[in-house]
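Work through the exercises below with the sequence and the model side by side. Each task is followed by a solution in steps.

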Amino acid sequence: MREPPLGQRIHAVLVTQGRDAAVALAREAGQPDLFDRINAVAAEEPSPSFLHSALCAMSLPVRRPADDCAPIIRQDGQYTLAITPKPILRPVDGKQRLEVLGVPYGSLPRLILIHVMTEAVRTKSRQILLGTSFTDWMRRMGFRTVSYGPRGSATLIRQQLDRLLACEWMIRWDGEDARGTKEFGIKEIKLTSEYVGSDARNGAFMREIILTDGFFEHLRQHAVPLNENAIRQLRESATALDLYTWLAYRLPRISGKRPAVLSWQQLAAHFGNEGSNIRKFRQTVRDAWERQVSGVYPEARAEFDTAMIRLHASPAPLQRTLTPGFKLVAAPETAPKTTDADGTPVAATTPDTATGLMKALRSRLDPAMARMWLADCSFAEVDGEWVLLAPTPFVANWLRQHFESELRGAGAEQRVNGVVTVAVRPR
């Protein structure tokens with residue numbers, strides 16, 4: 001592969017040589033603020049956010065379209081996404097009139113969708129409480145300052161929220177099941193536009209969004225894990241958010257045997273560029289990769305050449321590996337022995353019990369969480385006790401902190417002796 005992008009080079013220097021050397025490299029490259037973004041993500045333990053895979057693969061408009069009342073249609077393999085603006089009743093001069101608001105665009109609706117879908121996966125509920133007021137909701141989304149007025153942050157977000165909720169969303173998936181029968185994952189998604197409650201100072205405010213049953217179930221099966229800390233650093237750029245979520249969706253699904261190769265025209269179709277002015281599109285994406293996304297997703301392995309794009313198998317954003325210099329190590333522990341000094345196994349794994357434990361644990365987690373955290377884990381019986389073996393100290397620490405009750409329940413269901421513990425798999 002070619003030389004890593006600037007963001008990953010600064011990240012590597014931060015890890016291996018320390019803060020001062022990384023700051024110097026960023027300043028030398030004329031990107032002092034890039035170090036701040038990288039350091040903000042590297043210094044914090046990853047926090048999960050989620051987005052539906054269809055919205056990772058296919059993007060909303062980056063800027064307001066010339067005709068923003070026209071439907072948006074995107075295609076990616078077996079997925080088709082259609083967003084159609086629908087007329088809604090709004091008071092105009094004291095009378096209710098039908099008005100088409102247009103499609104959502106820019107970074108704000110992307111942040112709204114990530115926030116709503118993260119809450120749905122986190123709470124395991126299709127009923128999403130936004131906040132007690134619009135200001136409260138914006139602060140929950142990470143906005144430190146909330147301004148009102150014609151160009152205030154609250155006004156801009158409200159406009160995009162209204163557009164998003166006034167549209168009819170259709171995700172179509174053309175696939176086949178094991179018997180070769182055509183399947184459709186979901187046909188229509190419509191987010192409710194009913195207001196619940198009001199904010200006396202700033203007019204009506206929707207305190208709840210209720211996802212449809214179909215979309216909620218589909219989201220649970222097809223939620224892509226993202227790092228909330230990375231999203232926060234990319235929030236000002238729609239292109240950077242699109243590139244980050246697209247890579248988070250694509251890279252973990254690529255075979256390690258050979259890279260996936262795409263043309264710039266193919267990527268433009270994913271991002272809704274329609275192939276017009278590919279040169280400008282290519283430069284915009286390469287800048288976003290070089291100076292933004294690569295720094296907050298340092299495990300991503302991708303090459304954005306002038307002629308083509310190569311994507312290499314990479315860990316998901318939350319599955320970052322332990323790196324010297326980061327405070328990611330779990331509490332000191334001794335890895336379970338699997339053999340004596342002479343190589344004799346300490347304890348044999350019972351396949352039926354191991355399989356049952358994993359099935360029981362997965363059943364207690366949302367599918368998205370199970371895929372994210374259990375993909376490289378396995379159960380083993382060590383010294384008469386059952387242990388969930390994780391690939392890295394970071395993953396082991398997360399499992400131990402967040403899934404204690406689920407592990408206890410899985411052990412009780414399978415009637416294993418003692419408490420199911422978590423440890424790092426010996427290398």
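**Exercise 1. Cysteines**

How far is the sulfur of Cys 69 from the closest cysteine sulfur, and why is there no bond?

Step 1. This is a predicted model, in which local features need pLDDT of at least 70 and side-chain atom pairs count only at pLDDT 80 or more, while totals for chains, interfaces and linings use all residues. Residues are numbered from 1 along each chain as its sequence is written, and side-chain values use heavy atoms, with hydrogens and water left out.

Step 2. A disulfide is a pair of cysteine sulfur atoms within 2.5 Å. The closest cysteine sulfur to that of Cys 69 belongs to Cys 167 and lies 9.2 Å away, which is too far for a bond.

Step 3. Cys 167 is likewise in no disulfide. The count of disulfides by this rule is zero.

Step 4. For exposure, buried means under 20% relative accessible area, exposed over 50%, and partly exposed in between (1.4 Å probe, protein chains only). Cys 69 has 35% and is partly exposed, whereas Cys 167 has 0% and is buried.

**Exercise 2. Confidence**

State the mean pLDDT of the protein and locate stretches where pLDDT stays under 50.

Step 1. pLDDT is the predictor's confidence in each residue, from 0 to 100. Its mean here is 81, and 84% of the residues reach 70 or more.

Step 2. Residues 193–203 stay under 50, with 25 contacts (heavy atoms within 4.5 Å) beyond four places in sequence. Residues 322–349 also stay under 50, and the model has 48 such contacts for them.

Step 3. Where pLDDT is low, the predicted coordinates should not be read in detail.

**Exercise 3. Strand 18 and its partners**

Find the strands that pair with strand 18, and give the sense of each pairing.

Step 1. Helices (H or I, at least four residues) and strands (E, at least two) are DSSP runs numbered from the N terminus. Two strands pair if DSSP finds at least two bridges between them.

Step 2. Strand 17 (residues 378–382) pairs with strand 18 in the antiparallel sense over five bridges. Phe 379 has Leu 388 of strand 18 as its bridge partner. Two residues separate the strands of this hairpin, where Asp 383 takes a positive phi near 50°.

Step 3. Strand 19 (residues 421–424) pairs with strand 18 in the parallel sense over four bridges. Ala 423 in strand 19 stands opposite Leu 389.

Step 4. Strand 18 (residues 385–390) has five of its six residues buried.

**Exercise 4. Helix 15**

Why is helix 15 described as largely enclosed?

Step 1. Helix 15 spans residues 393–402, and seven of its ten residues are buried, so the rest of the structure largely encloses it. Among the buried residues are Phe 394, Trp 398 and Leu 399.

Step 2. The cover includes strand 1 (48–52), helix 14 (367–374), strand 18, helix 16 (404–414) and strand 19.

Step 3. At the start of helix 15, a side-chain oxygen of Thr 392 comes within 3.2 Å of the backbone nitrogen of Val 395.

**Exercise 5. A three-stranded sheet**

Give the strand order of the open sheet and name its edge strands.

Step 1. The order is 14-16-15, with antiparallel pairing. Strand 14 (260–262) and strand 15 (301–304) are the edges; each has a single partner strand, so one side of each lacks a neighbour in the sheet.

Step 2. Strand 15 and strand 16 (residues 309–312) pair over four bridges, and Glu 303 has Arg 310 in strand 16 as its bridge partner.

Key. A polar contact is a pair of N or O atoms within 3.5 Å; within protein, one must be able to donate a hydrogen and the other to accept it, and residues adjacent in sequence count only if both atoms are side-chain atoms.
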